[in-house]
Every structure is written in C-alpha cells, then in structure tokens.
Amino acid sequence: VRPELAACTASAVLPVAMAGAGGELPDYSRWHCVYPAYIDSDKKKEQGRRISKENGCSKPTAMEIAEACATMKLQCVVEQNKTYCRDILYPGRVRVKLKDDEGNPTNPEIKNKRQLLV
C-alpha cells in the first residue's frame, strides 16, 4: 500500500488505502479526477475553477472533497502527491468512481462529473 494514498468509502475517509480482499487498491486509473481548484471560489476560471463562485467554497482541500464524496456514498482515493498544473502550491487530488463496470452510476443522484462538482 502506497502511503501517499488515502481512500474513502461510504462509511468514512480512511487514512490508509482502501483494501480489497487481497489488501490491494482497486484499479482507480479510470476514475474521475477532482482537484480542489475546480471548486475553489477564490480562483478565477482561468486558474482552473469549473463551477460558479456561488456553488464553490473557499480553499477546499483534497481530504474535504473526499469526505464530501463519502457522504454521497461514492468510492474515492486521495492522491496527496498530485498537483493541478495551474495550482501547484496546493497538493492533492481525488479520484472518484462515478460509474460501475457496466456504466451505471454508483449513486443514482450523481450521473456525471458536473453534478458531482455542483
């Protein structure tokens, strides 16, 4: 298990990687990426904000995003060592599993990344 990863489940955000039956992480390479800059209301659109300032929050962290995903019953993995290219001073990104292997939403209320961010 890589220490720079933290994983979350519907029950809690864990400080260690979410282990499957063999103690390994699921393949999260195709999960959606969410950087804190996407929802930071203090950023301009040119700096990477993807939603309106009214829907955003001030200086979110990757762990706060992961906790929000956990409350929405979404699987996620926090990558602490990754940074957004437009905002390298604030490390962390969250990988979120929005769809299962068949392409169905894991949470019926959140069908795409836009709905997740708002």
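A salt bridge is counted here where a side-chain nitrogen of Lys or Arg lies within 4 Å of a carboxyl oxygen of Asp or Glu. The structure is a predicted model, in which local features need pLDDT of at least 70 and side-chain atom pairs count only at pLDDT 80 or more, while totals for chains, interfaces and linings use all residues. Residues are numbered from 1 along each chain as its sequence is written, and side-chain values use heavy atoms, with hydrogens and water left out.

**Overall architecture**

The protein chain contains two helices and five strands, arranged along the sequence in the pattern β-β-β-α-β-β-α; helices (H or I, at least four residues) and strands (E, at least two) are DSSP runs numbered from the N terminus. Of the 118 residues in the protein chain, 40% are buried, where buried means under 20% relative accessible area, exposed means over 50%, and partly exposed covers the range in between (1.4 Å probe, protein chains only). Cys-69, which belongs to helix α1, is buried with a relative accessible area of 2%, and its C-alpha atom is separated by 7.7 Å from that of Val-96, 27 residues apart along the chain.

**Salt bridges**

The structure holds four salt bridges, among them the three set out below.

| Pair | Closest N to O distance |
|---|---|
| Lys-59 and Asp-42 | 3.4 Å |
| Lys-43 and Asp-87 | 3.3 Å |
| Arg-95 and Glu-79 | 3.5 Å |

In the salt bridge of Lys-59 with Asp-42, each residue lies in the loop between β3 and α1, so the pair ties together parts that are 17 residues apart in sequence. Lys-59 is partly exposed at 49% relative accessibility, and Asp-42 is partly exposed at 42%. The salt bridge between Lys-43 and Asp-87 links distant parts of the chain, with Lys-43 in the loop between β3 and α1 and Asp-87 in the loop between β4 and β5, 44 residues apart; Lys-43 and Asp-87 are both buried.

Arg-95 and Glu-79 meet through their side chains in a salt bridge, a pair that links strand β5, which holds Arg-95, to strand β4, which holds Glu-79, across 16 residues. Both residues are buried, and salt bridges with shared partners join Glu-79, Arg-93 and Arg-95 into one network. Arg-95, buried with a relative accessible area of 12%, also makes polar contacts (N or O atoms within 3.5 Å; within protein, one must be able to donate a hydrogen and the other to accept it, and residues adjacent in sequence count only if both atoms are side-chain atoms). A polar atom of the Arg-95 side chain lies 2.9 Å from the backbone oxygen of Ser-29, and the side chain of Arg-95 reaches the backbone oxygen of Trp-31 at 3.3 Å.

**Backbone and surface**

Lys-59 has a positive phi of about 50° although it is not a glycine. Lys-73, in the loop between α1 and β4 (76-79), likewise has a positive phi, near 60°, and is exposed with a relative accessible area of 61%.

Ile-88, Leu-89 and Tyr-90 make a nonpolar surface patch of about 370 Å²; patches are made of residues with over 30% relative accessible area and no salt bridge, like charges being joined within 9 Å and nonpolar side chains (Val, Leu, Ile, Met, Phe, Trp, Tyr) within 5 Å. Within this patch, Ile-88 is exposed with a relative accessible area of 60%.

Definitions and conventions. Areas by Shrake-Rupley, 256 points an atom, 1.4 Å probe, with all protein chains shown as cover.
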